[in-house]
Structure formats: C-alpha cells, structure tokens
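I opened the model to look up two things. One is the protein surface at a DNA strand, the other a helix crossing between chains.

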Number of protein chains: 2
Amino acid sequence: MKNKIESRKEEIIRVATKLFKEKGYSAVTMRDIAKSMGIKAASLYNHINSKQDILKTIIISLAEQFTAGMLEIKSSGESCVNKLKAIIKLHVTLSSQNIYGMSSLNNDWMHLEEQLPYYIKLRSEYEDDFKNILEQGIGKGELINVKPDVMMFSILTTLRSLYLWIPKKEDIDLHDLTENLSQILLDGINK
Amino acid sequence: MKNKIESRKEEIIRVATKLFKEKGYSAVTMRDIAKSMGIKAASLYNHINSKQDILKTIIISLAEQFTAGMLEIKSSGESCVNKLKAIIKLHVTLSSQNIYGMSSLNNDWMHLEEQLPYYIKLRSEYEDDFKNILEQGIGKGELINVKPDVMMFSILTTLRSLYLWIPKKEDIDLHDLTENLSQILLDGINK
DNA sequence: AATTTTAACTAACAATTGTTAGTTAGTGAA
DNA sequence: TTCACTAACTAACAATTGTTAGTTAAAATT
C-alpha cells in the first residue's frame, strides 16, 4: 500500500498545492486541478473527498511538522540563542521542502472549516513557545531587553515568508541561507 | 464634489477592503459587500464599475504611496542607515493607515488583470531602490557585508507583514514601534 | 412647479462552482 | 475464465457567481 511511488491522491494534492500558491485556494477550481492532471474534475473524487479536504491535508500536515520541530527545540537544553538558530533552521528546512504548501499555511488557513480551531490552537502554542524562548533569553541576559512581542513578530514573519523567496534563488545553498539569516536576525545588519 | 464626508463609492471600497482582508479577494462576493452595507448587490453598480475595479483601486493606490515615499527617501541625501530608518517609518505609517488594504497588496495582487504589469513594475522598482540603498551601505562600510538580497528579504518581509500585527496591539504607540523595529532590524536582538 | 439626477430596488442572465450518479474499459486475483 | 476493483468517463444537479436591464421613489436643480 505505502509505495515509494506517488499515489494518485498524492499527485492531486501536489498539483493542487502548487495551484493554491499561484492563485489562492478560493480562486482554484476543481476543474483547474483536473486540467493540470489531464483528467476530468469528477475523476478527482475517486481519490479525494472534497476540495476542503485537500486544503486540510496541506495545512494541518505542515502545521504539525512545525509543532513537532518546536517540541524538540524546546526540550533541547540549548542556550536561547542556539534555540533561536534551531528555529531558523527548522523554518528553512520545512519551507524549502514545502515552498508551495507554505503559501496555503500562511494565506488560506482561514478557509479551513472543521479543522480551523485545531489549526489556530497549533499556531498559538507555537507562538507561545517562541515567545517563551525569547523571554528566557532576555531574562538570562542573552538578548537585548526589547518587547518580546515585537522581536517575535519581526523574526517570525521573516521566517514565515521564506517560501516566497527561496524559489527565486535556484542556486541557493540552504546552509548558507540559514547562516546568513541567523546573522541578520540575531546580530542585525548595522556594523 | 470632493467632500470631506465619505462618498458612497468610498464606503464600498472601505467595506470591501475589510472583507478582502478577512477572506481574500476571490472568496468575497459582491453580495457579501452589499450585505455589509445593507443594500443589494446590484445597487453597488451605481457607484463602482466592477469587482476588479475595487481591487485595482485598493492596490494601485497603496503601491503608488510606497513608490512616492521611496522617491523622497532616495533623494534625501541622508546616510544609508537613516534611509533605512525612514523606510521603516514609511511602512509603519502606511501600514497603520491601511491595515486592511495591505492585505490585498500582499496577497491578492495576482488577481489584478490589466493593471498587473503596472503593479509588478512598481514593486520591482521599489525593491531595486531598496537594494541600492543596502548596497551603498555595504560599500561605505555602514552595513555588514552580507548578501544584500538576504538582507532586503528579511527586512522587507517583516515590514510587509506589519499589517498583520499592528491591529493586535490597540494601545500601540507607532513611534515606539518604529524605534523598536529599527533597533531589532538594524542592530539585531543579540546582546 | 417641472425637471433631472441619484441611488436604491426587483428580476433575470449566462457562466461557473463543487459535487453526485451511473457507466465503462482495463487490471490483477480467484 | 470469472470476478472484483480501480480509475477514468459523461451527464447532470442545485447553488452561487458577477453583472445588466428596467423601474421607482426621493432629492437636488432648474
């Protein structure tokens, strides 16, 4: 059952994810998805339950990967600065592996229906964990004493937008990117 | 003709802008907009030409304000760091005055039709100007020598996402926010 | 008072939406 | 060979979409 080769269902989700990034969930029709695969819209329903379900699969799977990553970082016992570097790396990794899906995660989460409260819970907990790390860093004197809200917003929105930027640089080295981002986000650009 | 009081057309645009932020352009119907105003969808067409036209008005007007702001900064003769601070202030100002419209600018620009090339031109030029300032800063030794692409991406995506964050803090002082952001974006958070 | 203008309305349109029902050709297992 | 299964198809559906036409009551202008 679980083959290495892509199942038809996975293909639908992959194609849909790319279309969702280009036009947004609401502007993509089932006929668009079908046409991209060279079949008819009705045929999609042999493999998936609904359009909603495609979106849910994309978003929840990604959100849970971020949650799992944060859990590991949180309990790593590293310094706060190292935890922040690990968060940066987590975003670079997941974003580069899911450049299309990140768009739905960022822009189409409000079109989740039953799963909306669950998504919001995951996101809130992620942000709380992030903020806790920053607050500890301030408390221990590792970080400057600026409002952790503003700090988190600034860093997290940069990381959340990585998907917009990674595909533009085909030759990009992800390790370099992680290093450069860490430097910029942690130490600033001012000499 | 040009009264201080809001015209019906302006009211439509204001209401639509808010709905576009909540659900995205494609998911908002003319009947949604009309319902929010307590009238019927057909009545909207006494004041506006099309749904497209509402989006165009929102996005192009905002994009042109950013272009105008950048033009002023570019030719100010200030140091690069001060130019960057001015850009931060520009984004805080325009974002706080247009928290709903910024969402369309960021997420619904691809649904522009005739005006899409013009929008893309404005955006490219803005980013080129931004990058030039960074490159000059590096050349003069004001800024650290990291890829200006990564620097611009990091700062600009933070600034472009301000609209998501400003409304959450009702008591926010915009001057404080500008200062905090300048510190974080320019000098980092590492002590 | 007569008129034009404004801005709402109802009714309808053609196109498009997500989805279901029923059918059919091909594939692997019994 | 027979059988069940897979995955495509055509046809259709009810609902919703942006928009237009024609009407009407009130307000502004003459």
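**Entry 1: DNA strand C**

I looked up the 16 residues around DNA strand C; T29(A), Y45(A), R8(B), N46(B) and H47(B) come nearest. Sugar and phosphate make up 56% of the strand C atoms that come within 4 Å of the protein. I count a residue as near the strand if one of its heavy atoms lies within 4 Å of it.

This is a predicted model: local features need pLDDT of at least 70, side-chain atom pairs count only at pLDDT 80 or more, and totals for chains, interfaces and linings use all residues. Residues are numbered from 1 along each chain as its sequence is written, chains are lettered from A and ligands numbered from 1 in the order written, and side-chain values use heavy atoms, with hydrogens and water left out.

Next I checked the phosphate oxygens of strand C. A backbone N or O atom of K40(B) lies 2.6 Å from one. For S43(B), a polar side-chain atom lies 2.7 Å from a phosphate oxygen. For K51(A), a backbone N or O atom lies 2.9 Å from one.

**Entry 2: α10(A) and α8(B)**

I then fitted axes (lines through C-alpha atoms, for helices over the stretch in contact; angles run from 0 to 180 degrees between N-to-C directions). Helix α10 of chain A (residues 174-187) and helix α8 of chain B (residues 148-160) have axes that come within 10 Å and cross at roughly 55°. α10(A) is therefore oblique to α8(B); oblique is what remains after under 35 degrees (roughly parallel), over 145 (roughly antiparallel) and 65 to 115 (roughly perpendicular). Helices are DSSP runs (H or I, at least four residues), numbered from the N terminus.

I listed the contact (heavy atoms within 4.5 Å). From α10(A) come L177(A), N180(A), L181(A), I184(A) and L185(A); from α8(B), V150(B), M151(B) and S154(B).

Methods: A polar contact is a pair of N or O atoms within 3.5 Å; within protein, one must be able to donate a hydrogen and the other to accept it, and residues adjacent in sequence count only if both atoms are side-chain atoms. Helices (H or I, at least four residues) and strands (E, at least two) are DSSP runs, numbered from the N terminus.
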